[in-house]
Number of protein chains: 2
Amino acid sequence: MSPSRLSQILAAQHAGTPGNRIVRAMSERGALSAAEIARATGLARSTISTALSELKESGIVIEAADQNDTAKGVGRPAITLKLNPEAGTCVGVHLSLDSIQLVLADVSHSVIAEKSINLGVDYPVAAVSAAIKTAVARLYEENGLPLSRLLGLGVSVSGPVGPDGVIRHSSIVPSWTGTNVPRVFGELFRCPVFADNESNCAAVAEMMWGAAQGERDFVLFKIDLGVGGAIVHGGEVIRGIAGGAGEFGHISVEPNGDLCRCGNRGCLEIYASFNRPLAQMERTHGKRMTMDDVILLAENGDTGAQRLIADTGEVAGRGLAIIGTIINPPLIIIGGRLALAGNMLIDPLRRVFEKHTHLKPGRKSASGATRIAVGDFTGNDSLLGAVGMVLRSQGR
Amino acid sequence: MSPSRLSQILAAQHAGTPGNRIVRAMSERGALSAAEIARATGLARSTISTALSELKESGIVIEAADQNDTAKGVGRPAITLKLNPEAGTCVGVHLSLDSIQLVLADVSHSVIAEKSINLGVDYPVAAVSAAIKTAVARLYEENGLPLSRLLGLGVSVSGPVGPDGVIRHSSIVPSWTGTNVPRVFGELFRCPVFADNESNCAAVAEMMWGAAQGERDFVLFKIDLGVGGAIVHGGEVIRGIAGGAGEFGHISVEPNGDLCRCGNRGCLEIYASFNRPLAQMERTHGKRMTMDDVILLAENGDTGAQRLIADTGEVAGRGLAIIGTIINPPLIIIGGRLALAGNMLIDPLRRVFEKHTHLKPGRKSASGATRIAVGDFTGNDSLLGAVGMVLRSQGR
């Protein structure tokens, strides 16, 4: 996905907090008075007043030079406010299997640039920290921005991150286990650092700009080559005592099942990810394939591909029914790259989910049923969410 | 449990919100100035000021006659405040299988009286509403209290209650399904009515006065003749779109298992409740038994009783591992009457929980492990929580 495409999504879908909406209005229109902000955003004056105080305090908004200089004497000139050109930018980082993705965004939620650094598998912390520092410096230089105005760094990790920012254990980036992410990156960049698991970041992206906009309670369930997810309650991601909340892939559904990479047996991920189905497709079709290839084949009538996607939907639906029974959320967002299969996946998933959940829709009332929807982001969700964590902290 | 015992527990264990603590201090010491409240509670002056405003607004606290009348001229006399003798009382109601329990408490969290009304199984709404109204009126009369000062009614229901207060479906009290509890009881008593599922109420009791005091995030897991529970996040019970959150007994762990009373198959409750073990004990020992009988036998060396309790702990531990993987809570409280078996139940439960959860304690750090503790309440938890819901609303 190109930066401009991301920017379009963000611009088109952006809603967010009052602070975010004011920043957005200013980024589109320049200096505005409180009355003009009210007209532009539809927010109440008291809400605007509170949000502006916070935005001024955090240096995102400053008073503009008085634009009514020539109209002196005609009442009290309205104070106008504008985005601080020095207000700053945020960086999102996603630590994945063999590469690091970076995104640079400004406080108006515009993506300025993206970058990817390819690395070997299980890259070490120290060497990569230096590489990230260099890459970020170059991103700022290339875009003519002062690195001194870096407001914060959001880091998405392929593994559980405790509330203290320590990576608990990661089978994706094992040498990062035990790393205190805010400390390591804080020393590099001297700015606030936010770190969370990649699926929790993805949930932030869906909540800020995607399929969960305006929702304060939902579950994200990701089906990809692994299975993951996140639980959002009251607009906040539930993290858990060790950062493990939402690790849906590691629900042990078959206590004597196959060994999982996590060290347990019979984890949901073994049955509900597209890892095994992809290997079966490669075997029967005699060539290397991606998930996109399989989805395309299914769309073009390949019954084997269709069957594997539907079967994965059924197994995922059964696992999701456990989550639905426990959390009973208003909304479940299906993410991950297999979500691109659309109804081929979602129809069997929803049918099995409804069969195995405790509260059936429509017993005495049609209301109160959990809605299941496909997420807006698949590939770039964690990276977007990483920068989203920083942007959310600015609107407060 | 007698009322006096309940009162002792509440008095000894009570902590709660600043409002609760101020009410408690006043109930113990009479009229107090803000400075005296600060000394008695250890709360900050600003916290006290905010809480007092709310307490005065809701009529719980009133200004006392000036006690410094004789000291006039020596500075400004301190305003003292006291509990409003007319401030009122709350009633908790628990709707269970074949009876209704009532508890009457005052705003200082003292239990004034308890009552139980025996009814046939599946008692109808209209007849029982009238019976409750009569019983509450008599409770107030017997204790010389004005019914006009009933501040609120909390209702605990053996079934899911939606956020709208409607009972979704209940296999315990089927004829109540579809009842809008706040509407029915609001018409009877003309006061605010709070309604929730019995396990959610039990979690409120553990949070206000029991094993979860001071905890804002925990899971309650109840093992009794059924299995139930609750999820608390940020000090609030997660209710779910249809009131189903925390229905741990109806996680389908064996999709082709035995039919459950809920209409699904292979629910955790079938394997992890003490329903089947109790029937086995009755068969092998040739007489009717209660869970208490079995626990007593186990404590006295009956190996069959010990085995059934341990086995239930193992199955419960496996189910709980699913919940622990999904929520990763700091604390799990084991409630329900089987919790009275103590370590005979908890040791095997904890061992299996740790085996089947995703994040093992002590991999790189001993911190971050979920703590498992036995609840403080078993029998009366839902009734206490019912009145607790009302008392919590008063401290706000």
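Contact here means heavy atoms within 4.5 Å, and helices (H or I, at least four residues) and strands (E, at least two) are DSSP runs numbered from the N terminus. Axes are lines fitted to C-alpha atoms, for helices over the stretch in contact, and angles run from 0 to 180 degrees between N-to-C directions.

This is a predicted model, in which local features need pLDDT of at least 70, side-chain atom pairs count only at pLDDT 80 or more, and totals for chains, interfaces and linings use all residues. Residues are numbered from 1 along each chain as its sequence is written, chains are lettered from A and ligands numbered from 1 in the order in which they are written, and side-chain values use heavy atoms, with hydrogens and water left out.

**The sheet of chain B**

Two strands pair if DSSP finds at least two bridges between them. In chain B, five strands form an open sheet in the order β6-β5-β4-β7-β8, with mixed pairing. Because β6 (111-118) and β8 (193-197) of chain B each have a single partner strand, they stand at the edges, and one side of each is left without a neighbour in the sheet. From one strand to the next, the twist averages 15°. Strand β5 (residues 99-106) of chain B runs antiparallel to β6(B), and seven bridges join the two. Q101(B) stands opposite S116(B) in β6(B).

**The sheet of chain A**

Chain A holds an open sheet of three strands, ordered β1-β3-β2, with antiparallel pairing. Its edge strands are β1 (32-33) and β2 (61-63) of chain A, each of which pairs on one side only. Three bridges link β2(A) to strand β3 (residues 80-83) of chain A in the antiparallel sense. L83(A) in β3(A) is the bridge partner of V61(A).

**Helices across the sheets**

The table lists helices that lie across strands, with the angle to one strand.

| Helix | Strands crossed | Angle |
|---|---|---|
| α4 (residues 45-57) of chain A | β2 and β3 of chain A | about 95° to β2(A) |
| α5 (residues 125-142) of chain B | β4 (89-95), β5, β6 and β7 (150-157) of chain B | about 150° to β6(B) |
| α6 (residues 181-189) of chain B | β7 and β8 of chain B | about 145° to β7(B) |

**The interface of the two chains**

The contact takes 45 residues from chain B and 45 residues from chain A. Buried area is the accessible area (1.4 Å probe) that two parts lose on being put together, summed over both. Chain B and chain A bury about 3800 Å² between them, and 62% of it lies on carbon and sulfur atoms. On the side of chain B, I241(B), I326(B) and H358(B) lose the most area to chain A, together 19% of what that side buries. The elements that give two or more residues to this side are β10 (227-233), α11 (303-327) and α12 (343-356) of chain B. Of these, α11(B) gives the most, with six residues.

**Salt bridges**

A salt bridge is a side-chain nitrogen of Lys or Arg within 4 Å of a carboxyl oxygen of Asp or Glu. The structure holds 26 salt bridges over all chains, yet the rule finds zero across the interface of chain B and chain A. E236(B) forms a salt bridge with R392(B), their closest N and O atoms being 3.6 Å apart. This pair links distant parts of the chain, with E236(B) in strand β11 (residues 236-237) and R392(B) in helix α13 (residues 381-394) of chain B, 156 residues apart.
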